[in-house]
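Visitor: I would like a close look at a single part of this model, with its surroundings filled in where they help. Could you choose one and take me through it carefully?

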Amino acid sequence: MTVLLEIEGLGISFGGLRAVNDVSFRVNPGEIVSVIGPNGAGKTTLFNMISGIYKPGAGRVRLMGEDVTGISPHLLARRGMSRTFQNLQIFQSMTVLENAVAGYHLQESGSVLADLLGLPASRRRAAAAREGARQLLERVDLARAAEMEAGSLSYGALKRLEIARALALNPKVLLLDEPAAGCNAVETEEIDHLIAEVAASGVAILLVEHDMKMVMRISRHIVVLDHGEKIAEGDPATVSRNPKVIEAYLGTQAEDAHAHG
Amino acid sequence: MRLSEKQWTLLILAALIALSPFFFPSSYYYRVGSLIFVNGLAVTGIVILTGYAGQISLGHAGFAGIGAYACALAPAHLGLHPALALVLGAAISGVLAFLVGRPILRLKGYYLAVASLGLGILVAMALANESWITGGPDGIKVADLGLRAVLKSQGLDLSNTEFWYAFTGLALLIGAWLALNLHDSPTGRALRALHGSEIAARTVGIDVARAKLAAFVISAVYASVSGSLLALQNRFITPDVAGYMHSIEMVTMAVLGGAGSVLGAIFGAGILTMLPQVLTVFAEYEQLMLGLVMMLVMIFMRQGLLPSVLRLIRGRGE
């Protein structure tokens with residue numbers, strides 16, 4: 001099996017502070033790999049390096065064997081990488097449908113002149129994207145909200161909309177940053193099913209998630225970060241027995257649970 | 001059949017242009033109307049740049065200046081037909097916008113506003129100082145477009161003000177049609193997407209720098225054509241057309257009416273063009289008034305006059 005995403009010795013510092021240091025792992029097609037760790041462990045920073053938002057200070061990112069370290073997100077999108085964000089990045093003033101259509105940008109965009117003149121070619125491309133987007137909204141159970149302004153949706157619905165938009169790119173690698181955060185049990189289960197379904201179609205999924213039940217249930221492989229370093233990795237059963245993990249992560253999780261009441 | 005927003009906008013605009021003359025007390029109002037249309041055209045370009053893409057230019061009058069002086073200079077020095085001079089001006093403006101925008105739009109933040117401000121001032125200074133060719137601050141004569149004479153020979157005899165009213169009205173309709181086409185097209189969606197979240201726009205594959213550049217170039221061409229039409233209509237032009245105040249005026253018109261909506265922005269152009277003609281107080285204190293209008297809109301109706309009013313009406317209807 002070919003490795004879809006390979007992370008090798010990735011690291012970055014902000015003002016002398018090592019946010020992420022020497023992290024390596026790989027994700028195969030159809031596999032769900034989760035990155036877990038306490039708040040501030042560097043999970044989102046790691047995501048931002050992999051998806052081209054931050055330029056890594058050290059290490060390599062390979063997508064299907066090709067070195068894509070530090071290249072721009074829009075070029076990564078072309079190569080089949082897609083992601084969602086922990087703090088939602090929705091196009092607020094667009095409709096729900098248009099948000100999903102935006103995910104088809106690479107397929108629908110053509111000549112600016114054709115778009116200005118409203119030529120049939122331009123309209124055909126837009127119509128095809130709209131049709132795809134409608135089907136995606138169906139899939140994430142948002143079809144009925146299609147014409148609503150995205151800003152008016154509930155948090156859980158926006159999370160699903162973001163996943164739909166990421167799926168519109170028909171990615172080979174999908175990065176999901178806390179897809180179930182702020183969702184209720186029913187919504188979490190829906191997202192859970194959706195992720196499993198997408199993975200089953202051969203997409204490599206990299207997941208950051210705080211919901212440990214979800215992580216243990218759906219991950220093939222888990223990478224544990226603490227203070228920017230990888231402290232453990234393995235299948236869910238191995239990781240949850242690892243004393244370092246229990247100390248660093250599960251310990252603070254109990255505190256977290258307490259703190260969040 | 002239900003009309004789309006685009007069809008509604010064009011219908012309302014066409015109706016206003018066609019029916020207003022029936023209410024004109026004197027032929028002077030044709031002149032006011034065509035000024036509104038010329039400003040409306042420039043402001044429609046601002047809608048694409050600011051309303052769709054969220055980018056701010058404080059130097060668009062520079063492009064209007066290029067368009068205007070192309071119509072003054074190219075026929076006199078190159079023997080070009082005034083209509084071709086308009087096209088030449090638009091091409092120069094587009095290329096200049098491309099050259100200036102390309103390095104600037106790779107950067108995030110307010111660099112475009114500052115760079116365009118500089119560009120606008122530079123063009124205005126060049127037009128005022130290079131008097132050996134531009135005629136300097138006193139202005140310069142502009143050739144006759146010649147279309148009115150052609151129409152007359154075909155049996156359509158319009159007065160000068162009537163002709164320019166119809167001609168600029170038609171230009172505005174075409175400009176609005178193009179901008180509305182763009183709104184719902186893939187390019188327009190990319191512009192509105194990067195306006196909403198640049199980071200999300202990049203992750204769906206939008207080349208943000210390229211999309212912004214396209215918006216800047218298109219809006220520069222709008223401003224240039226608007227400047228050309230003003231020059232051809234007045235048969236005379238001064239460097240004021242490229243002045244800083246004219247740039248601010250364009251942005252204020254768009255913001256007042258609603259930069260996100262073509263009809264709204266044209267509405268804003270209508271109000272701010274008419275006010276100084278009707279109220280002499282406004283003409284005297286124009287700069288002060290523009291500042292006041294801008295502040296009030298930002299405080300009370302961020303979306304602009306027309307969208308805010310529409311929202312109010314729709315809100316009550318529900």
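Guide: Helices and strands here are runs assigned by DSSP, with codes H or I over at least four residues for a helix and code E over at least two for a strand, and they are numbered from the N terminus. In that sense residues 213-232 of chain B are 100% helix and 0% strand, with the end C-alpha atoms 29 Å apart. The model is predicted, so local features are described only at pLDDT of at least 70 and side-chain atom pairs count only at pLDDT 80 or more, while totals for chains, interfaces and linings use all residues. Residues are numbered from 1 along each chain as its sequence is written, with chains lettered from A and ligands numbered from 1 in the order of writing. The model scores ipTM 0.89 and pTM 0.92.

The part I have chosen is strand S3 of chain A, and the chain around it comes before the strand itself. Chain A contains 11 helices and 10 strands, and its C-alpha trace spans about 60 × 40 × 40 Å along the principal axes. Its radius of gyration, taken over C-alpha atoms, is 19 Å, which agrees with the value near 18 Å that a compact globule of 261 residues would have; the rule behind that value is 2.2 Å times the number of residues to the power 0.38. Of those 261 residues, 46% are buried, where buried means 20 or more other C-beta atoms within 10 Å of the residue's own, exposed means 12 or fewer, partly exposed lies in between, and the C-beta atoms are placed from the backbone. If two residues are said to be in contact when their C-beta atoms, placed from the backbone, lie within 7 Å, then residues 24 or more positions apart account for 66% of the chain A contacts with a separation of 6 or more.

Strand S3 of chain A covers residues 32-36, and 5 of its 5 residues are buried. In a regular strand the side chains alternate between the two faces of the sheet. Here A:Ile32, A:Ser34 and A:Ile36 point one way, A:Val33 and A:Val35 point the other way, and all of them are buried.

Two partners of this strand can be followed, with strands counted as paired if DSSP finds at least two bridges between them. One is strand S8 (residues 204-208) of chain A, which pairs with S3(A) in the parallel sense over 4 bridges, and there A:Ile32 has A:Ile205 as its bridge partner. Another is S9(A), again parallel to S3(A) and joined to it over 4 bridges, with A:Ile36 standing opposite A:Val224.

From S9(A) the picture can be carried on to a further strand. S9 (residues 221-226) and S10 (residues 229-234) of chain A run antiparallel and are joined by 5 bridges, with A:Ile222 opposite A:Gly234. These two strands form a hairpin with 2 residues between them. A:His227, in the loop between S9 and S10 of chain A, has a phi near 45°, a positive value in a residue other than glycine. A:His227 counts as partly exposed, because it has 15 C-beta neighbours inside 10 Å.

The next element along the chain to consider is helix H1 (residues 43-50) of chain A, which has 8 of its 8 residues buried and so is largely enclosed by the rest of the structure. Those buried residues include A:Lys43, A:Leu46, A:Phe47 and A:Ile50, and just after the helix A:Gly52 takes a positive phi of about 85°. A:Met64 is found in the loop between strand S4 (58-63) and strand S5 (66-67) of chain A, where its phi is near 55°, a positive value in a residue other than glycine. A:Met64 is partly exposed, with 17 other C-beta atoms within 10 Å.

Finally, the surroundings include chain B, and the contact between the chains takes 33 residues from chain A and 24 residues from chain B. On the chain A side, the elements that each supply at least two residues include helix H2 (73-78), strand S6 (81-83) and helix H6 (120-139).
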